[in-house]
Amino acid sequence: MTVQSEPLVRKYSENGITTLTLNQPEKRNSLSMAMLEALSEALEGVATDSDTRVVVLAAAGHVFCAGHDLKEVKEQFDSHEFQLALFNQCSKVMQQIVNLPKPVIARVAGVATAAGCQLVASCDLAVAADTARFATPGVNIGLFCSTPMVALSRNVSRKHAMEMLLTGEMIGAVKAERLGLVNQVVDEQHLDEMVYKLARTIADKSGLTLKIGKEAFYRQLEMPLADAYEYTSKVMADNMMANDAQEGICAFLEKRKPEWQDR
C-alpha cells in the first residue's frame, strides 16, 4: 500500500495571493475522489481567508490534470452509487470555484483533459503555456464528457464546444485562446511571471469590490436582459454605499492611491 506523504493539494499564500497546487503528478493530477475532497476542503478554507484576494490554481509536474482517475472508476464499475457520488463531488468543486468570493486564475502547463479541461473552464481566468493542450476526449472511450460540457459550453461558442465534445481531439493553447477557453498564451518559461503579474494586478484591488463583481457577473449571465440590468443597477447602488467605493472615488479625484478597508 502506498502512503501519501505529501498533501494532495498544496497551499501557499503571499501578498494576498493563495496558490493551490494539485500535487499528485505521478497520477497526472487526476481528479480521484480523494483529490476532489482535498480540493474542496482547500477551497472552503480560502473562501473565508480575509488575507486572500486572488487564488491561483496550479499543478505539479508535466500534466495539469488528466481528468478522473480511470483506474478508480474501473474498480467501481458495479457501483452506480460511487459513480454518482464521484460526479456529484466533481460538480460541487466546479461550483465552489465559480461561487468562491475571490477570483481564481488557472495556471495551465501541460495537458488538461476531460474534467481537467472542465477545471480550467470553471476558473474565472486562465493563463496557459504555449505547450499546453486541451481536450474533452470522453467520447473516445464511450463516456461522453457531460459534466465537463457544462463549464466548456459556458466559455466557448456552441459549435466549438460541440466540436471538442464530439471529436475528442486535442487542441493547442493558441486555439484554446482563440476559442475563449484561456485568456493568455505565453512562453512556458515565462508562465509564472505572467500568471503572478495578473494575480498581483487583481490583488491590488478592493477585496470587497472583487467579491461583489464576481458574484454579480455570474448571476446576471443567466438572466434576461431587462432583469440583468435591474439586478446590476441594484448591485451598483449597494456597492456605492461601501466604504471602499467611496474611498476609491475620492482617491481618484484627489489623484492618490486608495487605501482599501474592504468594507
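This briefing covers a six-stranded sheet, two buried loop residues and a nonpolar surface patch. The structure is a predicted model. The sheet is open, with the strand order E1-E2-E3-E5-E7-E10. Asn23 and Thr136 are the two loop residues, placed after strand E2 and after strand E8 respectively. The patch draws its largest share from helix H11.

**Sheet**

- Six strands make up the open sheet, and their pairing is mixed.
- The edge positions are held by strand E1 (9-14) and strand E10 (184-186); each has a single partner strand, so one side of each has no neighbour in the sheet.
- On average, neighbouring strands of this sheet are turned by 20° against each other, with direction ignored.
- Strands of a sheet pair through backbone hydrogen bonds, in either a parallel or an antiparallel way.
- Strand E7 (residues 125-129) and E10 run parallel and are joined by three bridges.
- Within this part of the sheet, Ala128 stands opposite Val185, a residue of E10.

**Asn23**

- Asn23 sits in the loop that connects strand E2 (17-22) to helix H1 (33-47).
- With a relative accessible area of 7%, Asn23 is buried, because the cut-off for that class is under 20%.
- The side chain of Asn23 reaches the backbone oxygen of Pro7 at 2.9 Å.
- Asn23 and Ala59 are 36 residues apart along the chain, and their C-alpha atoms are separated by 6.3 Å.

**Thr136**

- Thr136 belongs to the loop between strand E8 (133-135) and helix H5 (146-152).
- The relative accessible area of Thr136 is 1%, so this residue also falls under the 20% cut-off and counts as buried.
- Its side chain, that of Thr136, reaches the backbone oxygen of Met164 at 3.1 Å.

**Nonpolar surface patch**

- Met240, Met241, Ile249, Phe252 and Leu253 form a nonpolar patch on the surface.
- Together these residues have about 590 Å² of accessible area.
- Helix H11 (residues 243-253) supplies three residues, the largest share of the patch.
- Leu253 is one of the patch residues and lies in helix H11.
- Leu253 counts as exposed because its relative accessibility is 60%, and the class begins over 50%.

Key. Residues numbered from 1 in each chain as written. Predicted model: local features only at pLDDT ≥ 70, side-chain atom pairs only at ≥ 80, totals over all residues. Heavy atoms only, no water. Helix = DSSP H or I, 4+ residues; strand = E, 2+ residues; numbered from the N terminus. Buried < 20%, exposed > 50% of the residue type's maximum accessible area, 1.4 Å probe, protein only. Polar contact = N/O pair within 3.5 Å; in protein donor to acceptor, adjacent residues only side chain to side chain. Patch = residues over 30% accessible without salt bridge, like charges linked within 9 Å, V, L, I, M, F, W, Y side chains within 5 Å. Areas by Shrake-Rupley, 256 points an atom, 1.4 Å probe, with all protein chains shown as cover. Salt bridge = Lys/Arg side-chain N within 4 Å of Asp/Glu carboxyl O. Pairing = 2+ DSSP bridges. Axes fitted to C-alpha atoms, helices over the stretch in contact; angles between N-to-C directions.
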